[in-house]
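Open the model in your viewer and keep the sequence panel beside it. Each stop below says what to select and what is there.

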Amino acid sequence: APTVGVLALQGGVAEHLAMLQSLGARAVRVRSVSDLLGDHDAPAVDALVLPGGESSTMDRLCRTFGLFEPLQRVIRAGLPTLGTCAGLIMLSTRIADPAPGQQSLGVLDVTVDRNAFGSQVDSAEVSLPWAGTAGHAETDDDTAMTPSGVVRAAFIRAPSVTEVGDGVQVLARYRDTVVAVRQANVLGISFHPELMGETTVHEELLSMVRTGANA
Ligand code: GLN
């Protein structure tokens, strides 16, 4: 079974661990560099989840615990990675409305608006068409959305994606707003499937482990 690390410095960790275990993965908490890296600085996990929470706090704790650069390095080197909500903000290259001093890992070429859904949908549960891997085989139109299914999503003071770089695929929109993207080995979503018992996105992450993240 693949080993999936969940960054466990802050935020909603337990639901991700439970969902990954229910899908047959070995799920472990990542709190330190030694949880993330094994011998020769190679990743000690087969995939990674950055959970929801509060992104500026998560960023600060990552730097305090010396995890910021190691995370950046293993994700850039191709480790399949899923960020949800605050985790998506952590992955992004640009934050439109950062907290003072807030940094992000810069491994997913998108701009995020941290509190886009703050007032509109403070906490909404919706079903969204999901254009997963199966949805855009062999297309060169990165923004093509061919729904391969539907995901049930909970939004909790969720960020939105306001700009998408070349090579970033849009996997879901809520109304007209981009809320799920993939760039090679990196998946980022605004919402919380783990609170809905929705397994599709985590299955997508595990399928990236099986097939190779850049497939
Ligand atoms: N808006 C929050 C942030 O800035 C994210 C909220 C969430 O993860 N549920 O991190």
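The tour goes from the whole chain to its strands, one helix, the annotated site, the ligand shell and two outlying stops.

**Whole chain**

Keep in mind that this is a predicted model. Select everything and colour by secondary structure: 6 helices and 12 strands appear. The chain has 215 residues, and 45% of them are buried. Now consider contacts between residues at least 6 apart in sequence: 66% of them join residues at least 24 apart.

**Strands β3 and β4**

Select β3, residues 47–50. Ala47 and Val49 point one way, Leu48 and Leu50 the other. All four of these β3 residues are buried. The general pattern behind this is that side chains in a regular strand alternate between the two faces of the sheet.

Add β1, residues 3–7. β1 and β3 run parallel, joined by 3 bridges. To see one of the pairs, pick Val4, whose bridge partner in β3 is Ala47.

Next, add β4, residues 81–84. β3 and β4 are also paired in the parallel sense, over 3 bridges. Label two facing pairs here: Val49 opposite Leu82, and Leu50 opposite Gly83.

Are the faces of β4 covered or open? Both are covered. Thr81 and Gly83 lie on one side, Leu82 and Thr84 on the other, and all are buried.

Move on to β12, residues 186–189. Its pairing with β4 is parallel, with 4 bridges. Leu82 stands opposite Leu187 in this strand. Leu82 also faces Val49 of β3.

**Helix α1**

Select residues 14–22, helix α1. Which of its residues are buried? They are His16, Leu17, Met19 and Leu20. They cover an arc of only 170° around the axis, so they sit on the same side of α1. As a rule, an α-helix has 3.6 residues a turn, so residues three or four places apart point the same way.

Show what that side packs against: β1, β2 (26–30), β3 and α6 (200–211). Then step just past the helix to Gly24. Gly24 takes a positive phi of about 90°.

**The annotated site**

Select Cys85, His192 and Glu194. An unreviewed UniProt entry lists these three under "active site". They span 110 residues in sequence, yet no two of their C-alpha atoms are more than 11.4 Å apart, so they gather at one spot.

Centre on Cys85. This residue sits in the loop between β4 and α5 (86–91). Cys85 is buried, with 29 other C-beta atoms within 10 Å. Beyond residues up to four places away in sequence, Cys85 touches Gly52, Ile156, Ala158, Pro159, Ser190, Phe191 and His192.

Shift to His192, in the loop between β12 and α6. How many other C-beta atoms lie within 10 Å of His192? There are 23, so His192 counts as buried. Leaving aside neighbours within four places in sequence, its contacts are Gly52, Thr84, Cys85, Ala154 and Ile156. Gly52 and Ile156 are worth labelling, as they are listed for Cys85 and for His192.

**The ligand shell**

Show the ligand and the residues around it. Start with Gly52, Gly53, Glu54 and Ser55, which are among them. Then take Cys85, Ala86 and Ile89, also part of the shell. Arg114, Asn115, Ile156, Arg157 and Pro159 complete the list. Colour by class and you get 5 nonpolar, 4 polar and 3 charged residues. Cys85 belongs to this shell and to the "active site" annotation from UniProt.

**Two outlying stops**

Pick Thr111 in strand β6, residues 108–113. Thr111 is partly exposed, with 15 other C-beta atoms within 10 Å. Draw a distance to Thr162: the C-alpha atoms are separated by 5.6 Å, though the two residues are 51 apart along the chain. Ignoring neighbours within four places in sequence, Thr111 contacts Ser92, Arg94, Ala96, Thr162 and Glu163.

Finish on Arg60 in helix α3, residues 55–64. Is Arg60 buried or partly exposed? Arg60 has 18 other C-beta atoms within 10 Å, which makes it partly exposed. Draw one last distance, from Arg60 to Leu105. They are 45 residues apart in sequence and 12 Å apart in space, C-alpha to C-alpha.

Note on methods
Residues numbered from 1 in each chain as written. Predicted model: local features only at pLDDT ≥ 70, side-chain atom pairs only at ≥ 80, totals over all residues. Near = placed C-beta within 6 Å. Nonpolar A, V, L, I, M, F, W, Y, C, P; charged D, E, K, R; others polar. Buried ≥ 20, exposed ≤ 12 C-beta atoms within 10 Å, placed from the backbone. Arc of directions from axis to C-beta. Contact = placed C-beta atoms within 7 Å. UniProt positions renumbered as here; feature names shortened; annotations may be inferred. Pairing = 2+ DSSP bridges.
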